[in-house]
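Reader: I am new to reading protein structures, and I would like to go through one slowly. Could we take its features one after another?

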Amino acid sequence: MMKQAQLETLTPQRIVDFLDKYIIGQNQAKKQIAIALRNRWRRMQVSEDLQEEIVPKNIIMIGATGVGKTEIARRIAKLLQAPFVKVEASKFTEVGYVGRDVESMVRDLVEVSINLLRDKKREDVKPQASKIAEQRILAALVPEQNINDMSIEERQSYQSLRNTFAKRLENKELEDKEIEINIKKDTNMPHIELFPMGQDNMDFNIKDMLGQILPSKVAKQNVSVKKAREIFVKEESEKLIETQDLYQEAIATAEITGIIFLDEIDKIANKSQNGGDVSREGVQRDLLPIVEGSTVHTKYGLVKTDHMLFIAAGAFHISKPSDLIPELQGRFPIRVELEALQKEEFVRILQEPANSLLRQYEALLETEQVKLEFTSEAIAEIAEIAFRANESMENIGARRLHAVLEKLLEELSFTASDIASQTVSITQTYVQDKLSKIIEDQDLSRYIL
């Protein structure tokens, strides 16, 4: 779980400043997300009896594809180092039908929380695990012997040999030397679901039930000292981590700081007119108790969803948020409409974010010793072409820039290894030569861009 001191420093303005590094525009959405996250910290500062009464203000983000809905949620999860899962609402089925039930997203969140916490605890115990691993490697290099059966000279020689190898191990002088070690192999057992309907992630299988009873297979294998250290550190770290404590802490983390991103919620907003289809309204009613706050059974224990933050998103081209059932609408009190991207935003997206597309392509070609330089006129032309393509075809937002740049740099990417140590300047003329004919030919642009 995030430390309180770390959460305290994440003011709404700092959260927005962080998002500004990766996402252009959408200031209202960033502001609402920042407030919702800050309120989670504020809740922890009030009296315990009031904490239970304060529920998260869940959010619906409305906007076309490619305007930044998913990216906002993904970056927030990274900033908070909080358990985060992205699920598509359209993939769920109503209880009673074969498929993924809505509770699976909570089980997925717990799995993510466990993995995050396990990685953190591995780092905490790594110094201790490394010392044990070094001793195991030393034992493989110089097998342990009973010194009581040795003469004084033999004992001194043996200790001197161990000390020499220990010193060389410490100085990383034996990294490439091969040693024989025992590696545990998972027992291959059938995976049989005891509850196949509606319990798709419960993982009640024979391997789980008998895995602790049956002995693990051990195989001898020759590996380098460096590889052996990695294997041993991982094994010893797992031994040093108390599993039950890990599970309990991970569940608590998921309950308090977990974020579930429900994408494509607009796809379940329309009521199905076809009796053969799985009821979209049924899925909404299954979602309702999870979002309201309920207890979900997982193989690690009971998980409460009362204080998880749910961020829903959808384009709502055909439907609208009011098409959701009233009870579910009430559980998403904050609605933010993300703005369609204009040419000016495309220009900024190409240049300003820390992971901007132009920086990515420059870095990729730099591996071939080819230096890319984009003029400001060329960047404006790329943005104009992407904007026009979105207007004349389906509007896919910033994702259009990926298609445009791929086509623009297609030939250069193919020949880059043959023109090493060169600087290639991408000018407005270069962009027009490569893309103007495609833009003019509407039929062709539909297939290429």
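Reader: In this predicted model, which residue in β8 does isoleucine 59 stand opposite?

Author: When two strands lie side by side, a good way in is to pick one residue and look across to its partner. Here isoleucine 59 has isoleucine 311 of β8 opposite to it. That residue pair belongs to a wider match, in which strand β1 (residues 59–62) and strand β8 (residues 309–314) run parallel and are joined by four bridges.

Reader: What is the strand order of the open sheet?

Author: To describe a sheet, one reads its strands from one edge across to the other, which need not follow their numbering. The open sheet has five strands in the order β2-β5-β8-β1-β9, and their pairing is parallel. At the edges stand β2 (84–88) and β9 (334–337), each of which has a single partner strand, so one side of each has no neighbour in the sheet. From one strand to the next, the twist averages 20°.

Reader: Which strands does helix α3 touch?

Author: For a helix packed on a sheet, ask what it touches and how its direction compares with a strand. Helix α3 (residues 27–45) packs on the sheet and touches β1, β5 (259–263), β8 and β9, while its direction makes about 155° with that of β9. Helix α5 (residues 69–80), in turn, lies across β1, β2, β5 and β8, and runs at about 170° to β5.

Reader: Is leucine 309 buried or exposed?

Author: For a single residue, relative accessibility is the value to look up, and the cut-off for buried is under 20%. Leucine 309, which lies in strand β8, has 2% relative accessibility and therefore counts as buried. Leaving aside neighbours within four places in sequence, leucine 309 is in contact with Leu37, Arg40, Pro56, Lys57, Asn58, Gly258, Ile259 and Ile260. The C-alpha atoms of leucine 309 and threonine 257 are separated by 7.5 Å, although these two residues are 52 residues apart along the chain.

Reader: How should I read salt bridges, and how many are there?

Author: Side chains of opposite charge can pair when their charged atoms come close. The rule applied here asks for a side-chain nitrogen of Lys or Arg within 4 Å of a carboxyl oxygen of Asp or Glu, and by this rule the count comes to 28 salt bridges. One of them brings together the side chains of glutamate 236 and arginine 136, at 2.6 Å from N to O. Glutamate 236 lies in helix α9 (residues 225–240) and arginine 136 in helix α6 (residues 104–141), so this pair ties together parts that are 100 residues apart in sequence. Glutamate 236, at 7% relative accessibility, counts as buried, whereas arginine 136, at 26%, counts as partly exposed.

Reader: How far apart in sequence are arginine 285 and glutamate 327?

Author: Arginine 285 forms a salt bridge with glutamate 327, and their closest N and O atoms are 3.7 Å apart. This pair links distant parts of the chain, with arginine 285 in helix α11 (residues 280–292) and glutamate 327 in helix α12 (residues 326–330), 42 residues apart. Arginine 285 is partly exposed, with a relative accessible area of 39%, and glutamate 327 counts as partly exposed at 36% relative accessibility.

Reader: Which residues are joined into one network by salt bridges that share partners?

Author: A residue may take part in more than one pairing, and it helps to follow such links onward. Salt bridges with shared partners join Arg118, Asp119, Arg122 and Glu238 into one network.

Terms used: Residues are numbered from 1 along each chain as its sequence is written. This is a predicted model: local features need pLDDT of at least 70, side-chain atom pairs count only at pLDDT 80 or more; totals for chains, interfaces and linings use all residues. Side-chain values use heavy atoms; hydrogens and water are left out. Buried means under 20% relative accessible area, exposed over 50%, partly exposed in between (1.4 Å probe, protein chains only). Two strands pair if DSSP finds at least two bridges between them. Axes are lines fitted to C-alpha atoms, for helices over the stretch in contact, and angles run from 0 to 180 degrees between N-to-C directions. Contact means heavy atoms within 4.5 Å.
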